[in-house]
Structure formats: structure tokens, C-alpha cells
Amino acid sequence: MNNVENKEQNLIQTNPKKAIKVLAVPIMISLIFAMLNNVIDSAWVSGLGPNALAAVGFITPMFMAIVGLGSGLGAGANSAIVRFIGQKNQKQANNTATHGIIFIVILVIVLTTILLLFLDNILLALGASKVMELGRAYGWWIIFGLFSFLLPNMYAGIFRSEGAVKRATYPIIASAILNMIIDPIFIYTLNMGVSGAAIATIIAQIVMALIPMTYWILIKKDGQIKANFKDYKTDLKIYKEILIVGIPASLEELIMALLSGIVNGVLSVIAGTAGVAVFSASWRLVGLGITPAMGVGIAAITVVGTAYGSKNWDNLKTAFNSAIEFALMLSVGVFLLFFVFAGELSQLFSHSSASGNLAPLITDTIRVLGIYIVTMPLGLIAANYFQAIGKGLNSLVLTFIRELIAIVICIIIFVAVLNWGELGVYWGIIIGGTIGSSIGYFFAKRNVKKLTR
């Protein structure tokens with residue numbers, strides 16, 4: 001392991017407050033650029049008209065679920081590895097990395113086959129019957145390129161566990177930049193439409209993320225964590241350690257994707273294709289706005305998990321409180337930027353004559369849904385805290401309460417009872433998210449107090 005990684009690992013164990021910020025910043029940048037892949041696709045596709053934008057919007061929940069599955073399992077590996085590092089058990093830390101990569105490869109094969117077979121059924125379930133052909137054209141390629149999203153997420157989880165966050169960051173940034181460049185080429189120059197947007201994203205992922213990260217972790221092997229397939233022997237306990245956090249973390253992303261699908265379905269009934277297009281464009285930006293808090297939460301997994309493994313309860317408390325404060329500060333700043341520049345941001349999705357009439361609607365929606373960004377840090381950090389200490393089920397339950405129970409109930413009240421229409425959907429997301437996040441924070445804070453006593 002190089003000197004920088006030694007320094008970062010030492011910082012994690014001696015100065016958790018500073019470690020949260022040092023680790024979180026590059027993670028935030030990588031998450032923002034990862035989210036930009038989806039935003040970029042939507043921005044360029046919007047030039048093809050509202051139907052094309054809506055079709056990509058219908059695929060978004062599935063895309064979120066795919067990326068979330070990879071990041072969830074990466075978080076599971078990260079949590080298990082850092083707890084082994086805290087226990088000074090390097091052999092088990094290495095074995096965990098190897099098991100994580102093998103599990104992802106098997107999952108890619110199984111999941112790609114299933115999703116390709118049932119893509120039409122998924123699109124119908126998501127309410128995309130009016131744009132089936134466009135949804136199929138975009139979704140087929142996204143599923144085919146599943147490996148390019150899942151494997152880098154597992155690699156990133158392994159790199160973060162040893163403090164090598166730059167290796168988890170730079171490839172994602174590079175892939176998003178390449179996607180920005182080649183997206184219009186595939187969509188317009190090569191006349192491939194929505195299929196071109198998906199193909200460009202996958203090529204960018206393979207060239208800039210998958211290939212270099214595979215080289216670092218499987219060929220160069222100069223980090224603290226060594227994935228060694230020659231000495232690999234199946235250890236079900238290690239798989240259990242990964243999955244006990246990874247499955248709940250993945251399901252959390254699936255729950256959030258399901259929420260997006262539910263909202264799309266409701267809006268398609270009360271506002272039509274244009275309503276879905278407006279929401280999907282605005283929701284992508286909101287997702288981008290949440291990434292700073294997500295980055296802090298992922299950094300907290302490493303710092304809190306290491307403290308938990310070494311039973312350093314003071315460090316654990318400091319890391320949790322610092323993560324909450326830092327995430328809240330960043331989220332308020334992002335909301336203010338979105339509110340002020342909502343008009344300019346809306347132009348990303350309304351720059352053509354086919355979608356120009358959506359600009360005022362997207363502007364207003366960004367300003368309302370932007371409030372959701374401020375409500376999220378308490379719930380996100382609480383969920384990541386429970387992942388860090390190996391209590392993935394707690395994290396899953398809290399996310400389920402926040403994203404489905406609280407939000408869906410509020411949407412039903414505001415839309416079906418109060419008849420607020422589209423605005424009721426947006427305020428249902430905001431109020432429900434606030435209630436759910438507060439519940440998550442209460443239980444996480446109580447657990448921290450219990451351990452530090």
C-alpha cells in the first residue's frame with residue numbers, strides 16, 4: 001500500500017471527524033459524475049421530444065435499481081472489510097474482497113438473463129405502455145451493459161475500505177466526461193436515438209471505469225486489500241458478512257427505484273406523458289442534489305465501521321455526528337443553488353423545439369422538489385450508520401419506512417384526499433421524506449448513545 005493510502009487509513013483510526021471530510025469529498029465527486037451519466041442521457045434525449053424523454057424516465061427506476069444493487073453489495077463488502085481491518089484481520093479482509101468480486105460476476109450473468117427476458121413486462125408494470133418501443137430500445141442496452149455498472153461498484157467498495165478513494169473516484173469522473181462527449185455522436189450523428197444514449201454510456205463505463213479498476217485490483221495489486229483467486233476457497237461466512245449488509249443496502253436502492261416507478265405511474269394517470277417527462281427530468285437533478293449527503297454517508301461506512309470493529313466508541317460517536325453535520329450543511333447549500341438557478345437547470349431538458357414548452361414546468365418542479373434534498377441527510381446517514389455496524393436489516397427497515405410507507409401515505413393523502421394533483425405528489429415526497437428521515441435519525445442516535453455508554 002502506498003504512503004497516501006497509509007496516511008488515509010491512519011486518519012480513519014485517529015481523527016474520524018477529519019476522515020469523514022477527506023473521504024467524503026472524492027466520493028461525492030464520483031457519485032455526482034455517476035449520476036451525471038443519467039442526467040446527460042436525459043438532457044441529450046430531450047432533443048428527440050417528450051416521448052423519448054419519458055421513455056428514458058420509465059427506465060430510470062430500473063437503472064437506479066441496477067446501480068443501487070452494485071453500490072449496495074459494494075457497501076456490504078466495504079462494511080465487512082473495514083470491520084476486519086479494525087480487528088487487524090488482514091487475511092479475512094482480503095478473502096472478503098475476492099468473494100465480493102466472484103459474487104458480482106455470478107449475479108451479472110443471472111440478472112442480465114432474467115431482465116432481458118422480462119423487459120416488456122417490466123416496462124408495462126412501470127406504466128410505459130405508450131412509449132414501449134422507445135423504452136425497449138433504451139432498456140435493452142442498459143440491461144446488456146449491466147456488468148459495466150455492477151463490477152465497478154464492487155471495486156469502488158473495496159478501494160474505499162482501504163482509504164484509496166481516488167481509485168474509486170477518478171474512473172467514474174472519466175467515464176461521465178467521455179459519456180458527455182460521445183452521447184450526441186451516438187444519438188444524432190449516428191442516428192441511433194435513445195439506443196445511442198445507452199450504448200454511449202456503456203462504452204464510457206467500460207473504457208474509463210471497468211478496465212482501469214480491474215487492472216488495479218486484479219493485475220497490479222498494489223493496495224492494502226489483495227483479491228487472490230489462486231487461494232480462493234468458498235467461505236459461506238464471508239458471503240454472509242457481505243450479504244447481511246449488501247442485500248438490505250441493495251433493497252434500499254430498489255425501494256427508492258420502486259418509489260420513482262410509483263410516482264411515474266401516478267403522474268401518467270393524472271398528468272400524462274408530459275407530467276412524467278417533467279418529473280423524470282426534475283427528479284434526476286434532485287438525485288444529483290442528494291449525492292453530497294450520499295457521499296458523506298458512504299464515507300461514514302468506512303470510518304464508523306473501522307471504529308466499530310476496533311470497539312473505539314468515541315470515534316464511532318464522533319464519526320456519526322460529524323457525518324450528520326457535514327451532510328446537512330452541504331444539502332442546504334445545494335438546495336439554495338438549485339432554487340436560484342432552477343431556470344437555467346431546466347434548459348438542460350428543454351433546449352429543443354420539441355421540449356421547449358416544458359421549461360417553465362420543470363423550473364417550478366425543481367424549486368419544489370429541491371426541498372427534498374434538505375430532508376434526506378438525517379435518514380441517509382442513519383441508514384449508512386447501521387450498514388457500517390453490520391445491521392443491514394435495521395437500515396432496510398428505516399429506508400422502507402421513509403421511502404415507501406411515509407411518502408406513499410402522504411402522496412395518497414395529498415392526491416386522492418385533498419386532490420392537489422401533481423403538486424400533491426411533490427409535497428407527498430417532501431413531507432413523507434421528512435417524517436421518515438426523522439424516524440431513522442432517532443433510532444440511529446439512540447443506538448450511538450447505547451454503545452457509547
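Hi everyone, let me start with a term: a residue is called buried when its relative accessible area is under 20%. With that in hand, Ala 77 counts as buried, because its relative accessibility is 0%. The structure I'm showing is a predicted model, so please hear every value today as computed from that prediction.

Let's stay with Ala 77 for a moment. You'll find Ala 77 in helix H3, which covers residues 50-86. Which residues does Ala 77 touch, once we set aside residues up to four places away in sequence? They are Thr 96, Met 154 and Ile 242. There is also a long-range partner to point out: Ala 77 and Gly 246 are 169 residues apart along the chain, and their C-alpha atoms are separated by 7.2 Å.

Next, a helix pair. Helix H7, residues 146-161, packs against helix H9, residues 193-220. The angle is about 35°, and the axes are 9 Å apart. For those of you who like handedness, H7 passes H9 in a left-handed crossing. From H7, the residues that take part include Phe 147, Leu 151, Tyr 155 and Phe 159. Across from them, H9 brings residues including Ile 202, Ile 206, Leu 210, Met 213 and Ile 217. What is the make-up of that contact, in nonpolar, polar and charged residues? There are 16 nonpolar residues, four polar ones and no charged ones.

One residue of H9 deserves its own slide, and that is Leu 218. Leu 218 is among the residues in the H7 contact, yet it is partly exposed, with a relative accessible area of 25%. Leaving aside neighbours within four places in sequence, Leu 218 is in contact with Ile 101, Tyr 155, Ala 227 and Phe 229. In addition, Leu 218 and Thr 98 are 120 residues apart in sequence, while their C-alpha atoms are 9.6 Å apart in space.

Now for the loops on either side of H9. Before H9 comes the loop from helix H8 (165-189), and that is where Asn 191 is placed. Asn 191 has a phi near 55°, a positive value in a residue other than glycine. Is Asn 191 buried or exposed? Asn 191 is exposed, with a relative accessible area of 66%. After H9, the loop leading to helix H10 (236-270) holds Lys 221. Lys 221 also has a positive phi, about 50°, although it is not a glycine. In terms of accessibility, Lys 221 counts as partly exposed, at 32%.

On to the aromatics. A pair of aromatic rings is described by the distance of the centres and the angle of the planes. Counting rings whose centres lie within 6.5 Å, we get 16 aromatic pairs. One of them is Trp 140 with Trp 141, an edge-to-face pair at 5.0 Å centre to centre and 85° between the planes. Trp 140 is partly exposed at 36% relative accessible area, and Trp 141 is partly exposed at 29%.

Why is the pair of Tyr 385 and Phe 386 called edge-to-face? The planes of the two rings stand at 70°, with the centres 5.3 Å apart, and an angle over 60 degrees is what earns that label. Here both partners are buried: Tyr 385 has a relative accessible area of 1%, and Phe 386 has 4%.

There is an aromatic cluster to look at as well, formed by Phe 279, Trp 283, Tyr 372 and Tyr 426. And for the fans of cation and ring geometry, I have two cases. Lys 21 lies over the face of Phe 326, at 5.6 Å from the ring centre. Arg 367 has its charged end over the ring of Phe 339, 5.4 Å from the centre.

My last stop is helix H15, residues 371-388, and in particular Val 374. Val 374 is partly exposed, with a relative accessible area of 29%. Beyond its neighbours within four places in sequence, Val 374 is in contact with Leu 328, Ser 331, Val 332 and Phe 335. Of these, take Ser 331: the C-alpha atoms of Val 374 and Ser 331 are separated by 5.3 Å, with their positions 43 residues apart along the chain.

That's my tour, thanks for listening!

Methods:
Residues are numbered from 1 along each chain as its sequence is written. This is a predicted model: local features need pLDDT of at least 70, side-chain atom pairs count only at pLDDT 80 or more; totals for chains, interfaces and linings use all residues. Side-chain values use heavy atoms; hydrogens and water are left out. Rings of Phe, Tyr and Trp (its six-membered ring) pair if their centres lie within 6.5 Å; planes under 30 degrees apart count as stacked, over 60 as edge-to-face and the rest as tilted. Buried means under 20% relative accessible area, exposed over 50%, partly exposed in between (1.4 Å probe, protein chains only). A charge sits over a ring if NZ of Lys or CZ of Arg is within 6 Å of the ring centre and within 35 degrees of the ring normal. Axes are lines fitted to C-alpha atoms, for helices over the stretch in contact, and angles run from 0 to 180 degrees between N-to-C directions. Helices (H or I, at least four residues) and strands (E, at least two) are DSSP runs, numbered from the N terminus. A crossing is left-handed if the near helix is turned anticlockwise from the far one by less than a right angle, and right-handed if clockwise. Contact means heavy atoms within 4.5 Å. Ala, Val, Leu, Ile, Met, Phe, Trp, Tyr, Cys and Pro count as nonpolar, Asp, Glu, Lys and Arg as charged, and the others, Gly among them, as polar.
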